[in-house]
Amino acid sequence: MGDRAQGVSTAFLGKVGLALSGGGFRASLFHIGVLAKLAELDLLRHVEVISCVSGGSIIGAHYYLKVRELFKRKADGEIGRQDYVQLVQDTCREFLTGVQTNIRTRVAADLLTNLKMIFKSNFSRTMRAGDLYEENIYARVHDGEESQPRWLDDLYIKTKDEDEQFAPKHDNWRRSAKVPILILNATSLNTGHNWQFTASWMGEPPSSIDTAIDANYRLRRMHYDDAPPPHNEVR
């Protein structure tokens, strides 16, 4: 099959997804062990979708940033089992260092930040926690962007050996090391439906809603470029 041999292998295996469930930092730390075992078995290279929620999203986003940095640095044929093993080991070390800064306590431990949360309607405990995640966890990923805010619409994985037209959903079949798509799951308070964030869009997936029994309207998916400011950029 020449350079199409990897496509035959992909067709045989099917699409592989990784689901990282919630449970706060306990879940995040548990999932590091899962990632480590998958790396040892050389299975992480087959993962095309990473679907996370709550504590799983914290470590899922960290791992995704590490994979993104690896793919910028190495071409498909250069990536081996040891790269994933080392990547997870680095993720473990960085994540533990970040968690040990006691992020949950620091959300409300700073007087000036507390005053900001009281008097600024657009600044909440959630936004404060997000700042601490970026400062103490995601900034430890040395990808050249660690000193800047992390915007979801900037998190496309641009590989060393693929052109600008590469789309993981359609072109992963020909790669040995798959480019994963990150999905961060949440719940919409307006409708009670699943709400998802990816690097290209946000919204409620239609497949999870049964209109025969659910009378609530669906908040359709929207690409960030189509959203009105300031919602076209999401941290």
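Student: How many salt bridges does the structure hold?
Tutor: The model is a predicted one, and side chains of opposite charge can pair when their charged atoms come close. Counted over this structure, the salt bridges number 19.

Student: Is Arg45, which meets Asp42 in a salt bridge, buried or exposed?
Tutor: The side chains of Arg45 and Asp42 come to 3.1 Å, N to O. Asp42 has a relative accessible area of 23% and is therefore partly exposed. For Arg45 the relative accessible area is 9%, and because residues under 20% count as buried, Arg45 is buried.

Student: Which residue of helix α3 forms a salt bridge with Glu69?
Tutor: Both partners lie in helix α3, four residues apart, which is about one turn of the helix. The closest N and O atoms are 2.9 Å apart, and the partner of Glu69 is Arg73.

Student: Glu145 and Lys72 also meet in a salt bridge; how many residues apart are they?
Tutor: Their side chains meet at 3.7 Å, N to O. This pair links distant parts of the chain, with Glu145 in the loop between α7 (125-136) and α8 (168-171) and Lys72 in helix α3, and the separation is 73 residues.

Student: At roughly what angle do the axes of helix α2 and helix α3 cross?
Tutor: Helix α2 covers residues 24-40 and helix α3 residues 55-73, and their axes come within 7 Å. The crossing of α2 past α3 is right-handed, and the residues of their contact divide into six nonpolar, five polar and no charged. The axes cross at roughly 45 degrees, which makes α2 oblique to α3.

Terms used:
Residues are numbered from 1 along each chain as its sequence is written. This is a predicted model: local features need pLDDT of at least 70, side-chain atom pairs count only at pLDDT 80 or more; totals for chains, interfaces and linings use all residues. Side-chain values use heavy atoms; hydrogens and water are left out. Axes are lines fitted to C-alpha atoms, for helices over the stretch in contact, and angles run from 0 to 180 degrees between N-to-C directions. Helices (H or I, at least four residues) and strands (E, at least two) are DSSP runs, numbered from the N terminus. Angles under 35 degrees count as roughly parallel, over 145 as roughly antiparallel, 65 to 115 as roughly perpendicular and the rest as oblique. A crossing is left-handed if the near helix is turned anticlockwise from the far one by less than a right angle, and right-handed if clockwise. Ala, Val, Leu, Ile, Met, Phe, Trp, Tyr, Cys and Pro count as nonpolar, Asp, Glu, Lys and Arg as charged, and the others, Gly among them, as polar. A salt bridge is a side-chain nitrogen of Lys or Arg within 4 Å of a carboxyl oxygen of Asp or Glu. Buried means under 20% relative accessible area, exposed over 50%, partly exposed in between (1.4 Å probe, protein chains only).
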